[in-house]
Structure formats: structure tokens, C-alpha cells
Amino acid sequence: MKNDCIFCAIAAGEIPSFKIYEDDLVLAYLDINPMSEGHALVIPKAHSQGLFDTPDEMLAALVQRVKAVAAHIVKTLGADGCNILQNNGEAAGQTVRHIHFHIIPRRAGDGLSFVSRKADMAALEKLAAKLKLA
Ligand code: AMP
Ligand code: ZN
């Protein structure tokens, strides 16, 4: 493994994977610890760690492939929807430091949930003002 990156090794074919899509830039394969049936990962073949060091053109290409692969998975498995997840940094739950998008197919009533709490609206308004980009 040339740079100790397991997803680079998968892209190079040095480690086996359950590929579902491949082109010159991108690879998609099934996650080996699926959150639901059909949970897949989409990665660029070129190494970058996460969202912030991946070139914009590559992100655009990746998201196009995520859309196509997710639509294909949902249709093929007869799922009712999907979550797209992309973790950046250990604190956010990123365990593999090669950017990847999770496609997590969902079925009505499957019980999978991302825990959330109802926010304080005033605090939310303040935060939105602070984070406003344009
Ligand atoms: P993250 O927590 O966002 O870094 O997700 C990394 C994901 O990669 C986890 O869901 C793992 O189950 C998955 N994973 C790790 N090794 C492999 C592998 N060799 N093939 C497929 N998926 C993998
Ligand atoms: Zn890599």
C-alpha cells in the first residue's frame, strides 16, 4: 500500500471491494459495515482527505456520481429514499481519511435515525446570521 490509505488501495485494486460503479475519476462500492441494505461509498480515485482539501471540480464530479449511483441503488432495491452522509475529521466520525460519500438507502419505518433535538429558535437565528456566507 503506497500511502497507507485503504481507499487508495481499493482504487488501485490492491484490496478487493464490492464495486458498483467505476469511471476514470470515481469509484463506488458497498460499505462492509452497512447501516442499511445497499449502503455504498463513493470516492475519488485520487487521494484527498476530506471536503476542504478536495478540488471543487472533483467535488462537482463526485456529487454527480453520488446522484446517479444513489438513484440507481434506490430504484434497484426499491428503497423509499436515502441519506447522503460525508464525515470530515475524527470528531465528526471520519474513520477513513480519504474523502467518501455514504449513500444509505432508507425504507419507510426502518427505524434508522440520526438523533436531533429541537433547537432554541433565538439561538438558531443568531447562529444563522453569524454563518451567513453571502
Ligand atoms: P467514515 O466513518 O465516514 O470514515 O466511514 C468509513 C466507512 O468505510 C465505514 O462505514 C466502514 O464500514 C467503511 N469501510 C472501511 N473499510 C472498508 C472496506 N475495505 N470496504 C468497504 N468499506 C469499508
Ligand atoms: Zn487515499
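**Gln94**

I started with the side chain of Gln94, which reaches the backbone oxygen of Val96 at 3.0 Å. A second polar contact of this side chain goes to Gln49, whose backbone oxygen is 2.9 Å from one of the polar side-chain atoms of Gln94. For me a polar contact is a pair of N or O atoms within 3.5 Å; inside the protein one atom must be able to donate a hydrogen and the other to accept it, and sequence neighbours count only if both atoms belong to side chains.

Note to self: this is a predicted model, where local features need pLDDT of at least 70 and side-chain atom pairs pLDDT 80 or more, while totals for chains, interfaces and linings use all residues, and side-chain values rest on heavy atoms, without hydrogens or water. Residues are numbered from 1 along each chain as its sequence is written, and chains are lettered from A and ligands numbered from 1 in the order in which they are written.

Where is Gln94 in the chain? I found Gln94 in the loop between S4 and S5. Buried or exposed? Gln94 counts as buried because its relative accessible area is 7%. My cut-offs are under 20% for buried, over 50% for exposed and partly exposed in between, using a 1.4 Å probe and protein chains only.

**His98**

His98 belongs to the loop between strand S4 (81–85) and strand S5 (101–106). Its relative accessible area is 0%, so I put His98 down as buried. What does its side chain touch? A polar atom of the His98 side chain lies 2.8 Å from the backbone oxygen of Pro44.

**The whole chain**

I stepped back and found three helices and five strands in the protein chain. Starting at the N terminus, I read the order of elements as α-β-β-β-α-β-β-α. These are DSSP runs numbered from the N terminus: H or I with at least four residues for a helix, E with at least two for a strand. Along the principal axes, the C-alpha atoms fill a box of roughly 50 × 35 × 25 Å. Of the 134 residues in the chain, 35% are buried.

**Ligand 1**

Next I looked at where ligand 1 is, and it sits in the largest pocket. A pocket here is an open set of points on a 1 Å grid over the protein atoms alone, where a 1.4 Å probe fits and protein lies on both sides within 12 Å along at least five of seven lines. "Sits in" means that more than half of the ligand's atoms lie within 2 Å of the grid points.

Which elements give two or more residues to the shell around ligand 1? They are helix H1 (6–11) and strand S2 (26–30). H1 provides the largest share of that shell, with three residues. By class I noted eight nonpolar, seven polar and one charged residues around the ligand.

There are 16 residues around ligand 1, and Asp31, Asn33, Gly93, Thr95 and His100 come nearest. A residue is near the ligand if one of its heavy atoms lies within 4 Å of it.

I then went through polar contacts. A backbone N or O atom of Ile32 is 3.4 Å from a nitrogen atom of ligand 1. The side chain of Asn87 has an N or O atom 2.9 Å from an oxygen atom of the ligand. His102 places a polar side-chain atom 2.8 Å from an oxygen atom of ligand 1. How much of the ligand is covered? On its own, ligand 1 has 500 Å² of accessible area, and the protein covers 86% of that. Such areas come from the Shrake-Rupley method with a 1.4 Å probe.

**Odd spots and long spans**

Asp4 caught my eye: its phi is positive, about 65°, although Asp4 is not a glycine. Asp4 lies in the segment before H1, and its 70% relative accessibility is why I list it as exposed.

I placed Arg107 in the loop between S5 and helix H3 (121–131). Arg107 has 23% relative accessibility, so it counts as partly exposed. Its C-alpha atom is 28 Å from that of Phe7, 100 residues away along the chain.

Ser48 is in the loop between strand S3 (40–44) and helix H2 (56–77). Ser48 counts as buried because its relative accessibility is 7%. Between the C-alpha atoms of Ser48 and Lys67 I noted 20 Å, with their positions 19 residues apart in sequence number.

Last came Leu62, in helix H2. Its relative accessible area is 0%, so Leu62 is buried. Leu62 and Asp120 are 35 Å apart from C-alpha to C-alpha and 58 residues apart in sequence.

Note on methods: 1 Å grid on protein atoms, 1.4 Å probe; cavity = no way out; pocket = protein on both sides within 12 Å on 5 of 7 lines; lining within 4 Å. Nonpolar A, V, L, I, M, F, W, Y, C, P; charged D, E, K, R; others polar.
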